[in-house]
Amino acid sequence: MEAVEVESKGSHGGDADDRRTSRNDRRSSWGCTLLLVNNSLQYMSYFGLSTNLVNYFKVELHADSKSAANSVTNWVGTSAITPLAAAFLADSFLGRYWTITLCLVISVAGYGVVTASASAALQSAVFYAGLYLVALGGAVSPVMASFGADQFGDDESELGRQSSFFNWFYFSINVGSLIGGTVLVWVQTAHGWRLGYGIPALLSVVAVALFSAGTGAYRTHQPPGGSPLTRIAQVVVAAVRKCDVEAPDDVALLHEYDGDDGMSAIQGSRRLVHTDQFRFLDKAAVETAGDKGVQPASPWRLCTVTQVEELKCVLRLLPVWACGIIFAAAFTQMSTTFVLQGDTLDPRLGSFRVPAAVLSIFDTLSVMLWVPLYDRAIVPLARRLTGHRGGFTQLARMGVGLVILTVAMLTAGALEVARRRVLSRHGMFISADGTEYVPMSIFWQVPQYVVVGAAEVFTFIGQIEFFYDQAPDAMRSVCSGLGSAAFALGNYASSLLVAAVVRATAKNGQPGWIPDDINDGHLDYFFWLLAMLCIGNFGAYLLIARWYNYKKTVD
């Protein structure tokens, strides 16, 4: 068998007949289009519910500000964790198609309960039940991304289309979040919660209908391969049991499933080529005299090379994933320190007052601009220069995003220096309604939001594609969920960083870098710190990227 280095893998099916291939391509394109629209509707519903949720708790459920904020935070945290559970279910037992179907149905039930609770003013317990059903049903994003990528074949043109799919998948997320976080929030404010939550419920029903309508067009070739956690545990246990056994230099002597089709003993998973990293784990595939005497050998004593390489793939992904946590910690400043900075600036736009939090819309618009620009202009240009079908390798793409986010932190720091300079020269202005602000337009923040959006397109989309491509075939949904896990941990890391900075700088009567009134602090120092962390993260990332070996399959 020939070993093929893989940076992308689509479906296993192929067709020699040109007409059938063309027909399959059209069906695949139609299926992917439905998936993208479906994804956008789901995020439209989610952000239509979540964006204004804290006000619902305060106004309708009569919660105080702290309780309302904690309720929203707990729910959002749960929503970030459940995708891993859904991904595990897809890879292990149900497969991607049925996992998506189940989650969409649960989501409809959740939005229905939320809408009924808002319409009939039911007890808060009913509303909470609906919310957490939504968190459970909305956990489908990594499975949806993997399922969409499964729709493409193995040839170069198909792999290029697959890479493009990830760009438009993220684009669809931002379209949904833009409409949900603006139009639906306006509906809630102007026409009440009943209609404001009823629309997301209706959209969730449409999402189920669209997904079902595309059933005939989907390639559902990837069957569930059983629990990946069990297979990983078997490798660890077998390797520890044979810690005194010497792994042979000739890897052909290691145990592997025999077959001429390139498939492994793991259902639906191709065989992986042996790699020299983490050699201790190879002991799990050493066949001893005791193993030969028992047929079939226990998987807790003897594992195949592919099973061992599955664990190696995951171990190689983890350092790249860890760099994503630092990236997410800096990225989340858009909803925290950026807003604190904007709260002190002049919010006037003619007769309108622009809330600082609304400026995050420029991040979304930036993503919606950069995705087609990247997909239609940057990639073709880079492809001609590098000869790589994707323009950049996935690791290079994510690295570019790390650099761009560093620029965003430097931009925010530079604006803070300018803001403090204006403050020292002119002081605070007081508007007719008593609002105080620095005489500097809030729209000076737009560049930093736009730069953050560019960083998203390179790093977040690169992560989605990278974790899908480099995951073992039977673990693609779980590994695709690593991105959402990194984002959740990045938010926690940001909170810990802020707490550490406050504790370290607010001493001896000094207000510190981030006091309640940031005019008394040094938010610019915090942005410089974030920029240095981004630079350090990029340095570590370069070392990891140089060490990383792309997975290889037997074809």
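Trainee: Which residues lie nearest the centre of the largest cavity?

Mentor: Rolling a probe the size of a water molecule over the atoms shows where empty space is left. In this predicted model, the largest cavity has a lining of 12 residues, and Ser163, Gly390, Phe392, Gln394 and Glu465 lie nearest its centre. The space in this cavity amounts to about 80 Å³. Helices α13 and α14 (394-426) each supply at least two residues of its lining.

Trainee: How many nonpolar, polar and charged residues line the largest cavity?

Mentor: The lining divides into three nonpolar, five polar and four charged residues.

Trainee: How many cavities of 30 Å³ or more does the structure hold?

Mentor: There are four cavities of 30 Å³ or more in the structure.

Trainee: Let us turn to pockets. What is the volume of the second largest pocket, and which residues are the closest to its centre?

Mentor: Its volume is about 410 Å³. The second largest pocket is lined by 23 residues, and the closest to its centre are Arg161, Ser164, Phe165, Trp168 and Arg376.

Trainee: Which helix gives the largest share of that lining?

Mentor: Helix α7 does, with nine residues. At least two residues of the lining come from each of α1 (18-50), α7 (156-191) and α13 (361-386). By class, the lining of the second largest pocket has eight nonpolar, 10 polar and five charged residues.

Trainee: I should now like to read helix packing. At what angle do helix α11 and helix α17 pack?

Mentor: Helix α11 (residues 305-331) packs against helix α17 (residues 482-505) at an angle of about 50°, and their axes are 7 Å apart. The two helices are therefore oblique to each other. Their crossing is right-handed. On the α11 side, the contact is made by Trp321, Gly324, Ile325, Ala328, Ala329 and Phe331; residues of α17 in the contact include Leu482, Phe487, Gly490 and Ser494. This contact has 11 nonpolar, three polar and no charged residues.

Trainee: Why are α4 and α6 described as oblique to each other?

Mentor: Angles over 145 degrees count as roughly antiparallel, and those of 65 to 115 as roughly perpendicular. The axes of helix α4 (residues 96-120) and helix α6 (residues 141-149) cross at roughly 140° and come within 10 Å, so α4 and α6 are oblique to each other.

Trainee: Is the crossing of α4 and α6 left-handed or right-handed, and which residues meet there?

Mentor: The crossing is left-handed. Arg96, Tyr97, Thr99 and Ile100 of α4 meet Val143, Met144, Ser146 and Phe147 of α6. By class, the residues of this contact are five nonpolar, two polar and one charged.

Conventions:
Residues are numbered from 1 along each chain as its sequence is written. This is a predicted model: local features need pLDDT of at least 70, side-chain atom pairs count only at pLDDT 80 or more; totals for chains, interfaces and linings use all residues. Side-chain values use heavy atoms; hydrogens and water are left out. Axes are lines fitted to C-alpha atoms, for helices over the stretch in contact, and angles run from 0 to 180 degrees between N-to-C directions. Helices (H or I, at least four residues) and strands (E, at least two) are DSSP runs, numbered from the N terminus. Angles under 35 degrees count as roughly parallel, over 145 as roughly antiparallel, 65 to 115 as roughly perpendicular and the rest as oblique. A crossing is left-handed if the near helix is turned anticlockwise from the far one by less than a right angle, and right-handed if clockwise. Contact means heavy atoms within 4.5 Å. Ala, Val, Leu, Ile, Met, Phe, Trp, Tyr, Cys and Pro count as nonpolar, Asp, Glu, Lys and Arg as charged, and the others, Gly among them, as polar. On a 1 Å grid over the protein atoms alone, a cavity is a set of points where a 1.4 Å probe fits but cannot get out, and a pocket is an open set with protein on both sides within 12 Å along at least five of seven lines; lining residues have an atom within 4 Å of a point. Grid points are joined across faces, edges and corners, and a volume is the space filled by probe spheres set on the points.
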